[in-house]
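Biologist: I would love to look through this protein with you, one question at a time. Shall we start with its pockets and then move on to the contacts between side chains?

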Amino acid sequence: MSLTIAGFTDFYRELYGYAPFRWQSRLLERVATTGLWPRHIDAPTGAGKSSVVDIHVYANALAAVAAGARVPRRLAVVVNRRALVDSQFSRAEQLAARLSEATEGVLSEVASALTDLGGRAPLRLVSLRGGQPSDRAWVGDPVSTMIIAATPDMWGSRLLFRGYGTSRLARPREAGLLSLDCVCVIDEAHLSRQLVRTASDVAALAAARSSALGAVPPLQVVSATATHTQMDSQAEGVTEADVEAEEALAARLRTPKVLTIISEPPRLSAPRHAAFLAGRALAAAQAVTDLERPTVLVLVNRRATAAAVADALATEVGSDAV
């Protein structure tokens, strides 16, 4: 078996147990054929924007075996929510683990192709957000296929030679790695409009000088949004035809989401307040009878309250379910 653009379906199915949506396959074909990501990804919440990680990996594998165009080695997924940064990093970790463990089939072929590009492992992962130590070793690795999950300030500061928590001598290398051979997908782009504009300006400057580096592509900037806009040649995403043709996609996008407002007793102590919220969450989950494992979101405005509610739920249902 040899890697092909059409083989992305098998790659995706091997990872997740189901085929990609049509718009995801179109995006992979576009990137692998042209070497260029679209300027906009227009996909509603639940339509699978997180698949940019899988598309990036497979496109690089195609390039490694000369079955696709040269594409950026590094993918930065930037979003203005720490929880979403962690979610993207977790998805990338699972993908990297599957590639490292694969011994046969399409996953093994992709892993081998990525390793042939020169990295020590098929896929290198970097998380850049506040509240945790930063991985500095990636700054010395210009060849590995890489996924960087970051908040706007952590990524943007490095692009502009002002990386938070980095030494002055490391800043030029960080800026170079993020402005060349890199694609940046800015999710929830309406929350980071200035970053989109600044990164696009840097991309234009990098493009003007990139010819001196031969085949190394300059920075590409992609705005991802769940807000529907008119499709054009610079955009890729979900169309009405996709929704009509794909039952699974239609179910995700057209299933009603019901919001119920629950009044809580006033003046509860902190422990009783956490116990009350945990009890309401469990009751809401038990009221759902048509799903084996329903998901209930508890939204609070203080970190301490969130931790207390999580502890109360873990006592009732176990930490794995929280």
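Biologist: By class, which residues does the lining of the largest pocket have?

Modeller: Keep in mind that this is a predicted model. The largest pocket holds about 1200 Å³ of space, and 24 residues line it. Sorted by class, that lining has 4 charged, 4 polar and 16 nonpolar residues.

Biologist: Which of the lining residues lie nearest the centre of the largest pocket?

Modeller: Of the 24 lining residues, five names come up here, and they fall in two stretches of the numbering. Nearest the centre lie Val258 and Leu259, together with Thr295, Val296 and Leu297.

Biologist: Let's turn to charges. How many residues apart in sequence are the parts that Arg70 and Asp181 tie together?

Modeller: The side chains of Arg70 and Asp181 meet in a salt bridge, 2.8 Å from N to O. Arg70 sits in the loop between helix H3 and strand E2, while Asp181 sits in the loop between helix H7 and strand E5, so the parts they tie together are 111 residues apart.

Biologist: Of that pair, is Asp181 buried or exposed?

Modeller: A residue counts as buried when its relative accessible area is under 20%. Arg70 has 31% relative accessibility, so Arg70 is partly exposed. Asp181 has 4%, so Asp181 counts as buried.

Biologist: Which helices do Glu174 and Arg158 lie in?

Modeller: Glu174 and Arg158 form a salt bridge, with their closest N and O atoms 3.3 Å apart. Both of these residues are buried. Their pair ties together parts 16 residues apart in sequence, because Glu174 lies in helix H7 and Arg158 in helix H6.

Biologist: And is Glu244 buried or exposed?

Modeller: Glu244, in helix H9, pairs with Arg254, in helix H10. The closest N and O atoms of this salt bridge are 2.8 Å apart. Arg254 has a relative accessible area of 47%, so Arg254 is partly exposed. Glu244 reaches 56%, so Glu244 counts as exposed.

Biologist: Which residues are linked in a network of salt bridges?

Modeller: The count for the structure comes to 11 salt bridges. Some residues join in a network, and its members are Arg22, Arg26, Arg30, Glu236 and Asp242.

Biologist: Now for sulfur. How many disulfides does the count come to?

Modeller: A disulfide needs two cysteine sulfur atoms within 2.5 Å. The closest cysteine sulfur to that of Cys182 is in Cys184, at 6.4 Å, so the two are too far apart for a bond. Cys182 and Cys184 are both buried, each at 0% relative accessibility. The count of disulfides comes to 0.

Biologist: What about rings? Which residues form one aromatic cluster?

Modeller: Searching the whole structure finds 7 aromatic pairs. One cluster is made up of Phe8, Phe11, Tyr12, Tyr16, Tyr18 and Tyr58.

Biologist: One last topic, the backbone. Where is the place of Ala66, which has a positive phi?

Modeller: Most residues other than glycine have a negative phi. Ala66 is not a glycine, yet its phi is about 60°. With 69% relative accessibility, Ala66 counts as exposed. Its place is in the loop between H3 and E2.

Biologist: And what is the phi of Glu188?

Modeller: Glu188 is in the loop between E5 and helix H8. It is partly exposed, with a relative accessible area of 21%. Glu188 is not a glycine either, and its phi is positive, at about 50°.

Conventions
Residues numbered from 1 in each chain as written. Predicted model: local features only at pLDDT ≥ 70, side-chain atom pairs only at ≥ 80, totals over all residues. Heavy atoms only, no water. 1 Å grid on protein atoms, 1.4 Å probe; cavity = no way out; pocket = protein on both sides within 12 Å on 5 of 7 lines; lining within 4 Å. Points joined across faces, edges and corners; volume = space filled by probe spheres on them. Nonpolar A, V, L, I, M, F, W, Y, C, P; charged D, E, K, R; others polar. Salt bridge = Lys/Arg side-chain N within 4 Å of Asp/Glu carboxyl O. Helix = DSSP H or I, 4+ residues; strand = E, 2+ residues; numbered from the N terminus. Buried < 20%, exposed > 50% of the residue type's maximum accessible area, 1.4 Å probe, protein only. Phe/Tyr/Trp six-rings, centres within 6.5 Å; stacked < 30°, edge-to-face > 60°.
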